[in-house]
Number of protein chains: 2
Amino acid sequence: MPSSKATEAQILEITQELLQRRGYDGFSYRDVADRVGIRSATIHYYFPAKADLVVAVAERYRSDFATTLAEILADDSLSALEKVAQFADIFRQTAATNRVCLCGMLASGSKSQSDKANQHAQEFFGDLQAWLEDVFAAGRQDGSIRALAEPRRAALSVVAALEGATLMAYNARDLSQLDEVIAEALDGLRP
Amino acid sequence: MPSSKATEAQILEITQELLQRRGYDGFSYRDVADRVGIRSATIHYYFPAKADLVVAVAERYRSDFATTLAEILADDSLSALEKVAQFADIFRQTAATNRVCLCGMLASGSKSQSDKANQHAQEFFGDLQAWLEDVFAAGRQDGSIRALAEPRRAALSVVAALEGATLMAYNARDLSQLDEVIAEALDGLRP
DNA sequence: GTCTATAAGATGATAGAC
DNA sequence: GTCTATCATCTTATAGAC
């Protein structure tokens with residue numbers, strides 16, 4: 001039964017879900033295998049070690065996220081502030097599906113997993129910060145975002161607040177506090 | 001060799017450290033036993049199940065944290081803004097010792113551990129928010145903090161940002177971004 | 001209180017048949 | 001590619017000696 005490409009994609013999909021819900025130490029090859037409908041040995045064929053599997057998921061996640069951010073950025077119908085709102089909504093959707101940001105989860109599991117996973121998480125946060133900084137600059141042009149004293153620092157703070165609030169929403173199984181944090185962040189950007 | 005009180009305290013101390021560094025699924029009774037210098041069966045005498053041990057650590061953590069916050073609050077030599085700065089410094093110290101906030105870590109491990117641990121984390125975040133809200137009000141009196149449109153929401157955002165930034169600092173093994181987030185938060189409170 | 005001994009199950013990983 | 005079979009190790013937890 002050669003599903004080849006489909007099998008690998010399913011393994012990545014399911015692993016990402018488990019990773020966002022339970023973290024590196026919270027799922028096993030068997031958990032993934034059961035949900036995909038294969039045997040755990042098959043996963044080792046695609047990903048020899050657990051570290052390989054998790055790094056592959058991290059790369060896929062960053063790539064998908066980058067695509068989404070590029071699409072938001074390219075949408076000329078949105079003001080810069082609305083782009084930040086859409087950015088925040090990604091985190092909201094994550095929490096709404098009972099998950100944490102993958103890289104937030106990887107950051108919390110820094111000790112067990114490979115250094116490569118940590119590095120991906122770190123670079124991911126840097127990507128988000130840089131994207132927000134760009135949008136802040138555009139917002140100064142289109143007038144939707146006020147002039148910020150330290151745009152780099154403000155962008156970092158928004159990323160940190162969203163990561164923290166998503167974690168809290170996941171824990172409480174309640175989005176209301178995340179919504180408040182998002183509202184506070186957007187209000188802080190308005191002219 | 002009856003160390004009694006001392007043994008239980010050591011178990012809690014070591015467990016807290018492991019919990020903040022590796023999370024619920026990242027440490028075992030044997031890890032704790034090895035560091036305390038006892039056998040894992042001894043831990044079961046004090047804490048029958050792992051869930052009991054973790055809940056006990058969470059209670060101790062919340063209690064210790066509450067004491068620290070009460071001390072800061074009672075210090076009349078500090079302005080309200082300086083009290084917020086000391087509050088933020090607790091997170092900085094946590095990251096400086098290569099740890100995450102215990103409740104931030106418990107929040108990320110929501111699936112494996114007991115519901116009670118999740119609840120403690122949730123209540124902990126509520127405690128921090130309420131404390132900050134009080135200090136914000138005091139800051140309006142002593143003039144060290146500006147009038148905030150939504151103090152409750154602002155307090156929540158500060159908690160979320162500190163939790164997120166501590167996680168990022170832990171992952172990157174670098175405090176500089178946490179320092180930036182703290183500076184940004186304090187600047188946002190100044191009159 | 002703390003130990004030894006041990007159970008019963010899960011884990012990441014490999015070898016080799018098909 | 002996917003399977004069965006198996007390994008060595010680790011996990012939480014218990015029973016009972018001292």
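How much space lies in the largest cavity? About 140 Å³ is the value for the largest cavity in this predicted model. A cavity here is a set of points, on a 1 Å grid over the protein atoms alone, where a 1.4 Å probe fits but cannot get out, and its lining residues have an atom within 4 Å of a point. Grid points are joined across faces, edges and corners, and the volume is the space filled by probe spheres set on the points.

Some ground rules come before the rest. Residues are numbered from 1 along each chain as its sequence is written, while chains are lettered from A and ligands numbered from 1 in the order in which they are written. Local features need pLDDT of at least 70 and side-chain atom pairs count only at pLDDT 80 or more, with totals for chains, interfaces and linings using all residues, and side-chain values use heavy atoms, leaving out hydrogens and water.

Three cavities of 30 Å³ or more turn up by this rule. The largest cavity is lined by 18 residues, and Arg22(A), Ser108(A), Arg22(B), Gly23(B) and Ser108(B) are the closest to its centre. Helix α6 (102-108) of chain A and α6 (102-108) of chain B are the elements that give two or more residues to this lining, and α6(B) gives the most, with three residues. Helices are DSSP runs of H or I with at least four residues, numbered from the N terminus. By class, the lining of the largest cavity has five nonpolar, nine polar and four charged residues. For this split, Ala, Val, Leu, Ile, Met, Phe, Trp, Tyr, Cys and Pro count as nonpolar, Asp, Glu, Lys and Arg as charged, and the others, Gly among them, as polar.

The second largest cavity holds about 50 Å³ of space. Its lining is made up of Val84(B), Phe87(B), Ala88(B), Val158(B), Leu162(B), Ile182(B), Ala185(B) and Leu186(B), which come out as eight nonpolar, no polar and no charged residues. In chain B, α5 (80-96), α8 (151-172) and α9 (176-189) each put at least two residues into this lining.

Helix α9 of chain B also carries Asp179(B). This residue counts as partly exposed because its relative accessibility is 28%, where buried means under 20% relative accessible area, exposed over 50% and partly exposed in between, with a 1.4 Å probe and protein chains only. The side chain of Asp179(B) makes a polar contact of 2.6 Å with that of Arg92(B). A polar contact is a pair of N or O atoms within 3.5 Å; within protein, one must be able to donate a hydrogen and the other to accept it, and residues adjacent in sequence count only if both atoms are side-chain atoms. Asp179(B) and Thr94(B) sit 85 residues apart along the chain, with 13 Å between their C-alpha atoms.

Ala117(B), in helix α7 (residues 115-142) of chain B, is buried, since its relative accessible area is 0%. Leaving aside residues up to four places away in sequence, Ala117(B) touches Val54(B), Val55(B) and Leu106(B), contact being heavy atoms within 4.5 Å. From Ala117(B) to Cys103(B), 14 residues away in sequence, the C-alpha to C-alpha distance is 8.5 Å.

Now for the DNA. Strand D is surrounded by 19 residues, the closest being Arg39(A), Thr42(A), Tyr46(A), His44(B) and Lys50(B); a residue is near a strand if one of its heavy atoms lies within 4 Å of it. Of the atoms of strand D that come within 4 Å of the protein, 75% belong to sugar and phosphate. An N or O atom in the side chain of Thr42(A) lies 2.6 Å from a phosphate oxygen of strand D, and a polar side-chain atom of Thr7(A) is 3.0 Å from a phosphate oxygen of this strand. His44(B) has a side-chain N or O atom 3.2 Å from a base nitrogen of strand D. Helix α3(A) gives the most to the surface near strand D, with four residues.

Strand C has 19 residues around it, and the closest are Tyr29(A), Lys50(A), Arg39(B), Thr42(B) and Tyr46(B). Here sugar and phosphate account for 77% of the strand C atoms that come within 4 Å of the protein. Phosphate oxygens of strand C lie 2.5 Å from a polar side-chain atom of Tyr46(B), 2.9 Å from a side-chain N or O atom of Thr7(B) and 3.3 Å from one of Ser28(A). Helix α3(B) provides the largest share of the surface near strand C, four residues, and that surface divides into ten nonpolar, six polar and three charged residues.

How values were computed. On a 1 Å grid over the protein atoms alone, a cavity is a set of points where a 1.4 Å probe fits but cannot get out, and a pocket is an open set with protein on both sides within 12 Å along at least five of seven lines; lining residues have an atom within 4 Å of a point.
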